[in-house]
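Load the coordinates and keep the viewer open while you read. We'll start with one strand pairing and work outwards from there.

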Amino acid sequence: MAAIPPKEGADRPEISLLVTKPPLDILLCAPRGFCAGVVRAIDAVEKALSLHGAPVYVRHEIVHNKYVVESLKRKGAVFVAELDEVPDETRPVIFSAHGVAKAVPAAAKARNLFAIDATCPLVTKVHREAEVHHKRGRHILLVGHAGHPEVIGTMGQLPEGAITLIETLEDVAALTPPAGQPLAYVTQTTLSVDDTRGIVEALQARFPELIAPHKEDICYATTNRQEAVKRVAPQVDGLIVVGSPNSSNSQRLREVAERAGCPVARLVLRTDEIDWSVFGNIRSLGITAGASAPEVLVEEIIDAFAARYEVRVETVSTADENVFFPLPRELRDEAAPTAAE
């Protein structure tokens with residue numbers, strides 16, 4: 001017997017279209033994101049644009065973050081690889097937060113460029129340490145990563161051969177320093193605290209008279225962000241570091257998370273880089289941001305997860321930061337000289 005269809009207008013069972021999102025606990029690392037040196041560098045470009053108008057030239061990326069660089073481009077900053085790409089001597093040119101070799105400001109002076117140095121003061125501290133060691137007749141060992149702008153800038157403070165770069169424990173074992181010269185070491189400011197400790201301990205074991213910095217060279221922001229990740233990483237199913245792939249401190253945060261026991265850690269700049277095959281079925285997530293990543297990108301990542309999960313956000317704080325660096329002298333007040341003066 002055929003089924004009799006219900007009469008028009010007859011009651012039908014209601015079908016619920018409500019889809020319940022799975023829960024997700026987000027542990028937000030603090031401190032995270034911009035450090036004082038990055039804030040100073042970005043503010044330097046924006047203040048130069050305010051005082052002198054566009055264009056303002058910037059040698060290399062002011063900080064290692066594509067979002068920040070593109071934002072400054074829209075405001076009138078022009079990024080160049082070298083000073084010979086600056087076509088107009090009357091316009092300001094800014095050196096990035098990573099620092100530059102001495103040859104760069106010398107070249108700017110030779111062309112009579114209006115140069116503004118936005119090097120992070122903590123990087124400048126390492127430069128000064130290296131100069132002092134050199135003046136006292138010491139050979140300097142620089143613990144860092146070859147090719148990083150900060151390392152290039154630090155090695156460029158002194159004559160060729162005055163500094164030996166140390167990247168790995170194998171470099172320590174193979175090191176043959178100049179005979180008869182005392183040794184001192186400095187480090188890149190954005191390294192892994194644990195990796196650097198191991199290399200320094202190996203150096204000290206080989207060279208007991210090795211002279212250390214008066215104060216740790218790895219910057220406060222790098223250390224604080226790594227400590228927060230160490231706290232969060234063992235508690236979550238996955239962790240996202242918001243930052244650019246060419247950011248040393250962001251890469252180190254990812255490595256720290258993996259070593260601290262996080263099952264999966266990824267470096268992500270924007271939401272379109274989230275691998276949902278990895279993060280689409282988790283119950284807890286850690287989020288941090290490298291020192292050159294703005295908070296707006298963290299919020300964007302949280303929103304992307306909130307679209308798929310019922311999120312509960314908790315901040316895990318391991319330190320309070322209140323460090324402030326003033327702008328470069330040329331930009332500190334409205335009476336700053338114009339580029340043409």
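Leu28 has Thr315 as its bridge partner in β12. That pair belongs to a ladder of eight bridges joining β1 to β12 (residues 310–317), with the two strands running parallel. Keep in mind that this is a predicted model. β1 also pairs with β11 (residues 284–289), again in parallel, through four bridges. Look for Leu27 there, standing opposite Gly286 in β11. How many of the eight residues of strand β1 are buried? Six of them are, so β1 (residues 23–30) is largely enclosed by the rest of the structure.

Now follow the chain past β11. The loop between β11 and α11 (295–306) holds Ala291. Its relative accessibility is 7%, and because buried means under 20%, Ala291 counts as buried. Leaving out residues up to four places away in sequence, Ala291 touches Gly33, Phe34, Cys35, Val38, Arg225 and Asn249. If you want a ruler across the model, take the C-alpha atoms of Ala291 and Phe114: they are 28 Å apart, with the two positions 177 residues apart along the chain.

Phe114 takes us to another sheet. Phe114 sits in β5, where it is the bridge partner of Pro92. Strand β4 (residues 92–95) and β5 run parallel and are joined by four bridges. Zoom out a little and you get an open sheet of four strands with parallel pairing, in the order β3-β2-β4-β5. At the edges are β3 (77–80) and β5 (114–117), each pairing on one side only. Neighbouring strands here are turned by 30° against each other on average, direction ignored. As a general reminder, strands of a sheet pair through backbone hydrogen bonds, either parallel or antiparallel.

What lies across this sheet? Helix α1 (residues 36–52) lies across β2 (56–59), β3, β4 and β5, and runs at about 175° to β4.

That brings us to the packing. The largest nonpolar core has 27 residues, and Val45, Val58, Ile62, Val63, Leu72, Phe79 and Ile94 touch the most other members. At least two residues come from each of α1, β2, α2 (66–75), β3 and β5. Which element gives the most to this core? It's α1, with seven residues. The core also draws at least three residues from each of domain 1 (23–35 + 220–317) and domain 2 (36–117). For a close-up, pick Leu72: not counting residues up to four places away in sequence, it touches Ile42, Val45, Glu46, Ile62, Ala77 and Phe79. There is a second, separate core of 22 residues too, and Leu269, Ile301, Phe305 and Tyr309 are among its members.

Finally, the domains. The protein is divided into domain 1 (23–35 + 220–317), domain 2 (36–117) and domain 3 (121–218). Where do domain 1 and domain 3 meet, and how far apart are their centres? Taken over C-alpha atoms, the centres are separated by 31 Å. Ten residues of domain 1 are in contact with twelve residues of domain 3. Between them the two domains bury about 880 Å², with 44% of that on carbon and sulfur atoms. On the domain 1 side, Thr222, Ser248 and Arg252 lose the most area to domain 3, together 39% of what that side buries.

Terms used
Residues are numbered from 1 along each chain as its sequence is written. This is a predicted model: local features need pLDDT of at least 70, side-chain atom pairs count only at pLDDT 80 or more; totals for chains, interfaces and linings use all residues. Side-chain values use heavy atoms; hydrogens and water are left out. Two strands pair if DSSP finds at least two bridges between them. Axes are lines fitted to C-alpha atoms, for helices over the stretch in contact, and angles run from 0 to 180 degrees between N-to-C directions. Contact means heavy atoms within 4.5 Å. Buried means under 20% relative accessible area, exposed over 50%, partly exposed in between (1.4 Å probe, protein chains only). A nonpolar core is a set of buried Ala, Val, Leu, Ile, Met, Phe, Trp, Tyr and Cys residues joined through side-chain atoms within 4.5 Å. Domain bounds come from an automatic or database domain assignment. Buried area is the accessible area (1.4 Å probe) that two parts lose on being put together, summed over both.
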